[in-house]
Each structure stands twice: as structure tokens, then as C-alpha cells.
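Me: I'd like to learn how to read a model like this one, feature by feature. Can you take me through it?

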Amino acid sequence: MNTAVSYLPGISAAEAEIKRVFDRQRATALRLRTSTAEERIAKIKKLRDTLLARSEEFHEAGYKDFKKPPVEVDLTEIVTVVVEANDAIRHLKKWMKPKSVMPTPLMLGTKGYVQYEPKGRSLIISPWNYPVNLTFGPLVSAIAAGCTAILKPSEMTPHLSALMVKITRELFSEDEVAIFEGDAAVSTALLALPFDHIFFTGSPAIGKVVMAAAAKHLTSVTLELGGKSPTIVDASANLNLAARNILWGKFTNNGQTCIAPDHIFVHESVKDQFIEECRGVIANAYGTTAQEQMNSPYLARVVNQRHTQRIAGLLSDAQQRGARVLTGGAVDEGACFIAPTLIDNIPVDAKIQSEEIFGPLLPIIPYRNLDDVIQQINDQPKPLALYIWSKTEANIQKVMKNTSAGGTCINHTVVQFLHANLPFGGVNNSGIGNGHGHYGFKAFSHERGVVRTRIMGATLFFPPHSAFTLKIIGMIKKLAKILA
């Protein structure tokens, strides 16, 4: 049974409790190096089955935290973890097997292979926007790799965090998986410890703090961050499908998604038609008036008043500088409500042009030349996602070859997160390393290179060196030049 204190009000008490649990996990981490696939799979199945069995509790907690619709809880919190778990259950035995490699010419007479070993004690720090998914998803990978884990969910979604604490304690002993609630002080206390791996999901700003803390212990990190993910809709795109799909990706979780489309570049020849398609999609999905949208069972709230004020501030700043609200724009800070909003005519000095929106505001930017769009994308930090809507293969390839992003969808949005056979992660400012499926298993694993000798050919090169040895070396050099 997990006896770790869930919420630690005093930092000195928090540090002592965290250190106690961290020390307990050391012996377990050493023991888990020899754990079998069957043992790991049993734990993953237990977690998976519990999430499915208690989905109603997650529905209730998600609604209490930010009126998250039950369907969104199912699809974006529970099902995603279940898919991750099922993938690990099906493939873990294969993942764990040593991978043989071919010998190079200098290694003839030896056998080489890669042996996957658990890194050891891991720390998983998750954000508030998808707390279940982004806590238990990486935990599946940690368990699959044979690691212990300490979980630190966000304090901003207290009901979902409390439920995760309850489930974690029921399923795991604290020397294998422990969980701590609390504010930034608890995260700071955790980051001061010499973990073997840290898996962090959050903003680039906090990612830098995590990386700096990890550097003190030379701890490896996986950083899943964010940024301003652009979307391009060219003149050949299916505008109706693009509007429906992009707005689904944008307004799910009320825009509070790290891979949500942040802004849309639309070819000027189809801009007006695309905007009309978007207006129709919003009206059909959430209602035509602010009151209808506020009462919609399909629209989550902003997580708290502070974030509501931040997003409202971006909108107000853009409007004061000349931006135009095309639809939406209603704000009720007390109810943490901001209507799904489309805006255009945004000046380059508006804050919304440089800050990640992370809310239900969607700038629409017309373009004439695709090269200009590519230059604007390349002038910004590399995004976590980039989306392309086009039927013109030359345009698709031009964007793909001349931009960089953590992941990309062509004529789709956000589903790269759901593809279990693809790596999910950012690049530079939007992240370091990958997660999900086999990539998540490898994130928590050390790939140990092993050479096993069959014939000791290396004795030929032991000193003193004979004329025959020198002749052989000369032949190797000539051969290397021929094969170059």
C-alpha cells in the first residue's frame, strides 16, 4: 500500500517525505532490473482495467475541475492511456529482447547486441490540461521499462489529482510508484534529487527549469513542451473538412492543448469562404450566442480565473491594436468562460502573435505566397506541431522540406498524438526526446551496447607489432578507402 502523503503543506515536511520515498525506491529500482515482461505487463493491466472501471469517477472529477465534457474525458484522458497500455501489453516482450547488430569489419569474430535496461528511479511531472493522460501515459512507459516512478500532477486540477492519488495508492506500493500533490515548492524539492530520468510535460519556460535542475545530476530528460503550432490552409484544400477538423482540434478542451492549432495561415483567395465555414462549424457545435455556448455541454471551461484573465488579456491587447473579432469574443472571467473566437487583422506587435495562446482564440492570417508563410514559421521557435491542409502535393512537400516541427499532420490535426507507432515529441524549444509506444519504453530505458567475443582476433594488434600486423593494418586502410 502506498502511504505517501498526498498534499504536503510545509516544504520542510515535503522534503523529508519525498526524500524518504525516494530512498525507499532505490532498492526496488535495483530489483526491477531483473523483472520479467509478465510482471510488468500485470501492473500495466491493473492500471488499465482500473481506469476503465472508474471512468465515471473521472467524468465527475473532470467536470468539477473545469467542466470537461464526459466524452472528452473518455477520449482524451482514459482511452489514450488504455491504448498506450494495450500497445505495451502486446509488444513488451519484443521490446525487451536484446537486439542483435551486424559486426563491422573490425569486429569480425564477435557478436554485438543492444540490451535494454531500466534507467532506474524516474520522476514524472505532468500538467493540468490533460492530467490523467499525461501522468498515467508516461507511467505505462516507465513500468514497461522496469523503472520506479514518483508522480507529480498539477495542483490546478485538484479533483482529478485527488482521484489519481487514490488510485495510485490502491494499485502500487510507494517503493514502486508514489505520488505527491502540491505546488511549485514540491516540484522544486523533487527536482533537487538525483533521479535517473525525468519525464516532464509543460511549458518551454518551466522545461528550462527542469533541464537546469537535471543538469546538476546529469539526469536524462524527456521534455514534452509546446509553442505556437501553425496551420496552413492553401487554395486547394477541402475547406469544409478543414474547418470542421481544425476547430475540433482547436476547441477540444477549450483550446488548452499543447498541440492545438495556434493560428491559421489561409490563402487569401479562400479566406472569406473558410471563415464562413468556420462560423457554421462553431454555431453547429456550440451554439450561435454567447449564452448558448456557455451552456453547451460540449465546451470545457478555462482551468481557472488567472488563465482566463491571461487569455482575455491577449484578446483585448489584439483588439486595442486593431484586430477584428470575426465571431465570438465573449468573456466571463468569473465563470472562466471565453467563447470560441476567430480574429483577423492582427498587427505583428500584438502579444497574441508571439505568446502561446492555450485557449479558445484562433487568429486567421491571410497569405498570398507560401514562401512568406514558411519564412514566418522559420522565424519563430520550432513548434510542437505543424498542420497542412492541401490537395497540392508540391505545396505539401515544400512545407515539409523547408520547416521543422515536432510532428505534422497532412489534412488532419492533433491525431499524431494518438498514433502509437510514431514518436511523439518536440524539437528544441518545443521539446527534447520522444514518448509513446516503443519510443516511450526507450525513453525510460538505457540502451546498453554489448560485445561478446567468439574469436579473439584483436590479439593480432597487441604490441609488439610484427611486420605482418603492419601489413594487415595497411590492407585495412586501403579497404576502408575503397569502401568509402
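Reply: Sure, starting with the vocabulary: helices (H or I, at least four residues) and strands (E, at least two) are DSSP runs, numbered from the N terminus. With that in hand, Asn345 sits in the loop between E13 and E14. Keep in mind that this is a predicted model, where local features need pLDDT of at least 70 and side-chain atom pairs count only at pLDDT 80 or more, while totals for chains, interfaces and linings use all residues. Residues are numbered from 1 along each chain as its sequence is written, and side-chain values use heavy atoms, with hydrogens and water left out.

Me: How many helices and strands does the protein chain have?
Reply: There are 16 helices and 18 strands.

Me: What does the radius of gyration say about the protein chain?
Reply: The radius is taken over C-alpha atoms, and the globule rule is 2.2 Å times the number of residues to the power 0.38. For 484 residues a compact globule would come out near 23 Å, and the protein chain has 26 Å, which agrees. The C-alpha trace spans about 85 × 60 × 35 Å along its principal axes.

Me: How do I read burial, and what share of the protein chain is buried?
Reply: Buried means under 20% relative accessible area, exposed over 50%, and partly exposed in between (1.4 Å probe, protein chains only). Here, buried residues make up 52% of the 484. Back at our loop residue, Asn345 is partly exposed, because its relative accessible area is 45%.

Me: What is there to notice in the backbone of Asn345?
Reply: Asn345 has a positive phi of about 55° although it is not a glycine. Asn253 also has a positive phi, about 60°, without being a glycine. Asn253 is in the loop between helix H9 (239-251) and strand E9 (263-267), and at 0% relative accessibility it counts as buried.

Me: And which peptide bond is cis?
Reply: The one from Pro463 to Pro464, with omega near 0°. Pro464 lies in the loop between E18 and helix H16 (467-483).

Me: Now aromatic pairs. How many are there?
Reply: A pair of aromatic rings is described by the distance of the centres and the angle of the planes. Rings of Phe, Tyr and Trp (its six-membered ring) pair if their centres lie within 6.5 Å; planes under 30 degrees apart count as stacked, over 60 as edge-to-face and the rest as tilted. By this rule there are seven aromatic pairs. Take Trp128 and Phe358: their ring centres are 5.6 Å apart and the planes meet at 90°, so the pair is edge-to-face. Trp128 lies in the loop between strand E3 (121-125) and helix H5 (133-145), and Phe358 in the loop between strand E13 (341-344) and strand E14 (361-367), so the pair ties together parts that are 230 residues apart in sequence. Trp128 and Phe358 are both buried.

Me: What about Phe199 and Phe444: stacked or edge-to-face?
Reply: Their centres are 5.7 Å apart and their planes at 5°, so that pair is stacked. Phe199 is in strand E6 (residues 197-201) and Phe444 in the loop between helix H15 (437-443) and strand E18 (445-453), so this pair ties together parts 245 residues apart in sequence. Phe199 and Phe444 are buried too.

Me: Last one: which residues does Gly112 touch beyond its neighbours within four places in sequence?
Reply: Contact means heavy atoms within 4.5 Å. Leaving those neighbours aside, Gly112 is in contact with Lys99, Ser100, Val101 and Val450. Gly112 belongs to strand E2 (residues 110-118).
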